[in-house]
Amino acid sequence: MRSELSGFLTELSWPRPQAPAFDAGAAPADPVVLFERWLREAVAAGVPAAHVMTLATVDVAGRPDARVTMLEDVDEHAFWVAASETSPKGKQLGRVPVAALVFHWAQQGRQVRVRGSVRPAEEARTAAAFERLSAHARTEALVDRQSRPLHDEAWLSDALGDAGELLRLEEPGAVSAPSWRLWGVDAGRMEFFQADLEGHHVRLRYSRHEGRGWETELLRP
Ligand SMILES: Cc1cc2nc3c(=O)[nH]c(=O)nc-3n(C[C@H](O)[C@H](O)[C@H](O)COP(=O)(O)O)c2cc1C
């Protein structure tokens with residue numbers, strides 16, 4: 001019989017010891033600017049793995065899926081993530097090109113949500129990002145087969161060895177992983193949640209409208 005967790009969970013507090021004040025009225029017009037500020041503040045405040053987020057996708061049957069991944073880059077309005085085209089998330093991103101991202105910086109009581117349409121990066125951008133990966137990550141990407149059942153560990157060990165050897169022998173930039181690519185989530189909506197120690201939480205939503213740019217509104221938390 002399973003143990004009852006509800007009592008244990010009730011005891012857990014919501015940690016927000018460094019919850020900063022957030023003046024939504026003074027927030028920048030561009031939410032990407034605010035995102036970058038909050039990300040840098042999270043790192044400065046010692047939030048571990050502040051660039052790690054939840055990436056939510058949808059499959060062709062409309063079923064949601066989510067997993068933790070790293071943020072590879074952010075520009076104008078796209079948040080860039082890396083995913084193998086053959087992995088479940090890669091197939092979902094390719095076939096149902098919409099996604100949501102969630103960043104949670106617990107120490108500061110902050111959450112950022114991003115929703116938008118998805119597009120694959122151009123080859124050059126993917127190639128440049130691939131070169132920035134660690135040798136280990138490039139080796140893993142070359143072998144790929146992410147999320148497949150692990151039946152043959154000897155085969156995998158050989159494949160990783162061969163891939164590592166190939167990367168060592170070739171010039172930088174000469175080897176690419178055919179299934180590994182960057183995907184851009186074009187933010188159409190972003191939301192910033194700032195928890196407050198007294199419970200006066202602030203929730204600011206940005207919505208992008210064609211021709212009018214970003215509009216903001218406060219939401220009841
Ligand atoms: C801290 C952390 C960071 C991760 N970063 C990535 C990442 O950047 N890219 C990735 O493909 N998987 C990453 N993963 C693994 C994913 O959560 C997931 O297990 C994997 O991508 C397979 O997902 P899928 O089956 O939905 O395709 C990370 C996991 C953790 C715990």
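These legends describe close-up views of a predicted model.

**View 1. A nonpolar surface patch built from four residues, Leu5, Phe8, Leu9 and Leu12.** The patch amounts to about 420 Å². Phe8 sits in helix α1 (residues 6-11). Its relative accessible area is 53%, so Phe8 counts as exposed.

**View 2. The two sides of helix α6 (residues 153-169).** The 17 residues should span 24 Å at 1.5 Å a residue, and the end C-alpha atoms are 24 Å apart, in agreement. Buried here are Ala159, Ala163, Gly164 and Leu167. These residues cover an arc of only 130° around the axis, so they lie on the same side of α6. Their cover includes α5 (135-143). On the other side, Ala154, Asp158, Asp162, Arg168 and Leu169 are exposed.

**View 3. A salt bridge within helix α2 (residues 31-44) joins Glu36 and Arg40.** The closest N and O atoms are 3.1 Å apart. The partners are 4 residues apart, about one turn of the helix. An α-helix has 3.6 residues a turn, so residues three or four places apart point the same way. Glu36 is partly exposed at 40% relative accessible area; Arg40 is exposed at 57%.

**View 4. Arg181 forms salt bridges with Glu85 and Glu123.** The N to O distance is 2.8 Å to Glu85. This pair links distant parts of the chain, 96 residues apart: Arg181 in strand β6 (residues 180-194), Glu85 in the loop between β3 (78-84) and α3 (88-95). For Glu123, the N to O distance is 3.0 Å. That pair spans 58 residues, with Glu123 in helix α4 (residues 123-132). Arg181 is buried at 13% relative accessible area, Glu85 is partly exposed at 32%, and Glu123 is exposed at 56%.

Note on methods
Residues numbered from 1 in each chain as written. Predicted model: local features only at pLDDT ≥ 70, side-chain atom pairs only at ≥ 80, totals over all residues. Heavy atoms only, no water. Patch = residues over 30% accessible without salt bridge, like charges linked within 9 Å, V, L, I, M, F, W, Y side chains within 5 Å. Areas by Shrake-Rupley, 256 points an atom, 1.4 Å probe, with all protein chains shown as cover. Salt bridge = Lys/Arg side-chain N within 4 Å of Asp/Glu carboxyl O. Buried < 20%, exposed > 50% of the residue type's maximum accessible area, 1.4 Å probe, protein only. Expected span 1.5 Å × (residues − 1). Arc of directions from axis to C-beta. Contact = heavy atoms within 4.5 Å.
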